[in-house]
Amino acid sequence: MVSTYDGNVYFGDARTPSRTLCKLDLKTGHITSYMSAEDENGVASGIHGGTADDKTGDIWLGSERASQRSDVLIKFDPRTQKFTRYPSPSSIGELGLSVGVGLDSKGYVWAASLDAAVRLDPKTGEYSQIK
C-alpha cells in the first residue's frame with residue numbers, strides 16, 4: 001500500500017480476479033479498480049506484492065503467477081491508466097514479489113529473489129542480480 005502526493009492510496013489486490021490495483025480516494029472514500037491483463041485469458045489475479053510510487057507519480061507493484069512461473073514488475077501510470085509489464089528473465093530465478101517492491105533515489109526498482117536482491121532499470125527494462 002502506498003499513499004501518494006495527491007491524497008490517494010494505492011494497493012494491490014490478489015483476491016479479486018477482475019482487478020490488479022485499487023485506488024482509494026481518501027476525500028470521498030471511493031475505490032477505483034484497475035486491471036492489467038497478465039495472460040491470454042485476461043486474468044489479472046496473481047500474488048500482488050507491496051506497492052511503491054516513483055518521482056513521476058507512477059505506481060509499481062510485483063506480481064507472481066505461480067501457475068506460469070512468470071514473475072513481473074508492473075508499472076501503472078495513473079495519468080493514462082496504463083500498465084507496463086517488466087517480465088523477469090529466467091536467469092534471475094523466482095522473485096519474492098509478494099514481499100514487496102521498493103525504489104531508490106536513482107529511480108531503480110528493487111525486489112528480492114530467493115537468494116539475492118534484484119534491480120530493474122525502468123529506462124532499459126534490464127534486470128541486475130546483486131548477491
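I looked up Lys 75 first and found that Lys 75 forms a salt bridge (a side-chain nitrogen of Lys or Arg within 4 Å of a carboxyl oxygen of Asp or Glu) with Asp 58, with 4.0 Å between the closest N and O atoms. Lys 75 belongs to strand β7 (residues 70–77) and Asp 58 to the loop between β5 (47–53) and β6 (59–65), so this pair ties together parts that are 17 residues apart in sequence; strands here are DSSP runs of E, at least two residues, and helices are runs of H or I, at least four residues, both numbered from the N terminus.

I note that the model is predicted, so that local features need pLDDT of at least 70 and side-chain atom pairs count only at pLDDT 80 or more, while totals for chains, interfaces and linings use all residues. Residues are numbered from 1 along each chain as its sequence is written, and side-chain values use heavy atoms, with hydrogens and water left out.

I then checked Asp 58, which is buried at a relative accessible area of 7% (buried means under 20%, exposed over 50%, partly exposed in between, with a 1.4 Å probe and protein chains only). Asp 58 also meets Arg 79 in a salt bridge of 2.8 Å, N to O. Arg 79 sits in the loop between β7 and β8 (82–87), so the pair with Asp 58 ties together parts that are 21 residues apart in sequence.

I recorded Arg 79 as exposed, at 51% relative accessibility, whereas Asp 77, its partner in a salt bridge of 3.3 Å, N to O, is buried at 16%. Through shared partners, salt bridges join Asp 58, Lys 75, Asp 77 and Arg 79 into one network. My search of the whole structure gave three salt bridges.
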